Amino acid sequence: MHAMVLNKIGAALEWTELADRQPGEGEIRLKVAACGVCRTDLHVVDGELPNPKVPIIPGHEIVGRIDMIGAGVKGLQLGERVGVPWLSHTCGECPYCKAGQENLCDHPLFTGYTRDGGFATSTIADARFAFPLGEAGDDIALAPLLCAGLIGWRSLVIAGEGKKLGLYGFGAAAHIVAQVAKWQGRSVFAFTRPGDVATQDFARELGATWAGGSDEMPPESLDAAIIFATVGDLVPLALKAVRKGGRVVCAGIHMSDIPSFPYRLLWEERQLVSVANLTRQDGIDFLRLAPTIGIVTKTTRYSLNQANQALDDLRAGRFEGAAVLVP
Ligand SMILES: [Zn+2]
Ligand SMILES: [Zn+2]
């Protein structure tokens, strides 16, 4: 097998030939068909997340076909297409797992961060954390659903039922969430980097009612806002944009420091919450709904050995939607 390996935090990924791996008990081996590139991969490479496994193969939006099945795996077939998300293992025994909050597990593993991921021709996954994807839809188009879609979905659910929804940072996750929110009958207000007219146009094409810079106030008060951008300065701006009782959801795994802000921005029962990881139930719910909604992902394709270019382009905001690596 070949993989793009991060051997040192902050270094470029290296194209590496590795011995083929065998799935252990409860595991499956996939031939990778496509793997999306997520902002979290940048956080891993940049050393912004604690205790990564290094060397590591990043990538946690994996679409592939099972080519080997370990002992004890039930309900999956050779040749079946599955998706492997960020959450790749939970302990099943900690208070969070027992309370149905496995996204907060005390002893988790995460694909492409503490367990090897999908920037590779082949990968091993815990079978219990892989989602059957069926045959509808293209591998590349499906890949961004595995994290941008899933985390976006969880964030949207946590944002509540409000009709007027703000999305700060209109990248891979927001471009999916905008379509879901519109399908649910909500109005989407898209906030981009100030002056990023191209992304504002892209948001309107996807049905946003309004699109503008993150330094602007929306034309009306919002019921909720989700912050996908990694910029802490957006928190007080989003609180300012939501109505009394409104909710601001921070969806990223990492954010720059939040500046201090006057209490009156939080006053009147505004809520500020974060979303961490996903549960398998989130995946089941979202992937069941996605074909009904008819989500169209905008993707930019890179070959696997161009992973560093894809990461650079993501960092610089050089494409709309999501980058996907294809072996
Ligand atoms: Zn646990
Ligand atoms: Zn991700």
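Which helices and strands each supply at least two residues of the lining of the largest pocket? I opened my notebook with this, keeping in mind that the model is a predicted one.

**Entry 1, the pocket.** I looked up the lining by element and found that α1 (39–45), α4 (148–159), α5 (172–183), β11 (187–192) and α9 (307–316) each supply at least two residues to the largest pocket. The volume of this pocket comes to about 940 Å³, and its lining is made up of 44 residues. I then asked which of them lie nearest the centre, and noted R39, G171, A172, F228 and A229.

**Entry 2, the zinc ion.** Next I turned to the zinc ion (ligand 1), whose protein donors are the SG atoms of C91, C94, C97 and C105, lying 2.3 to 2.4 Å from the metal. Along the sequence I wrote the spacing of these donor residues as C-x2-C-x2-C-x7-C. I checked the geometry as well: the angles subtended by the 4 donor atoms run from 103 to 118°, and the arrangement is therefore tetrahedral, since a tetrahedral site needs all angles to lie between 85 and 135 degrees. Are C91 and C97 buried or exposed, or in between? C97 has 15% relative accessibility and so counts as buried, because the cut-off for that word is under 20%. C91, at 24%, counts as partly exposed.

**Entry 3, strand β5.** I followed strand β5 (residues 81–84) one residue at a time and saw that R81 and G83 point one way while V82 and V84 point the other way, although all of them are buried. This fits what I have learned in general, that side chains in a regular strand alternate between the two faces of the sheet. I then looked for the partners of β5. Strand β4 (residues 62–69) pairs with β5 in the antiparallel sense over 4 bridges, and within this pairing V63 has G83 as its bridge partner. Strand β9 (residues 131–132) also runs antiparallel to β5 and is joined to it by 2 bridges, with P132 of β9 standing opposite V82.

**Entry 4, a residue in a helix.** Last, I picked out Q200, which I located in helix α6 (residues 197–205). Its relative accessibility is 9%, so I recorded Q200 as buried. Which residues does Q200 touch, not counting those up to four places away in sequence? I listed T192, R193 and G195, together with A211, G212 and G213.

Note on methods:
Residues numbered from 1 in each chain as written. Chains lettered and ligands numbered in written order. Predicted model: local features only at pLDDT ≥ 70, side-chain atom pairs only at ≥ 80, totals over all residues. Heavy atoms only, no water. Buried < 20%, exposed > 50% of the residue type's maximum accessible area, 1.4 Å probe, protein only. Pairing = 2+ DSSP bridges. Donors = N, O, S within 2.8 Å, 3.2 Å for Na, K, Ca; no water. Tetrahedral: all angles 85-135°; square planar, octahedral: opposite > 155°, others 65-115°. Contact = heavy atoms within 4.5 Å. 1 Å grid on protein atoms, 1.4 Å probe; cavity = no way out; pocket = protein on both sides within 12 Å on 5 of 7 lines; lining within 4 Å. Points joined across faces, edges and corners; volume = space filled by probe spheres on them.
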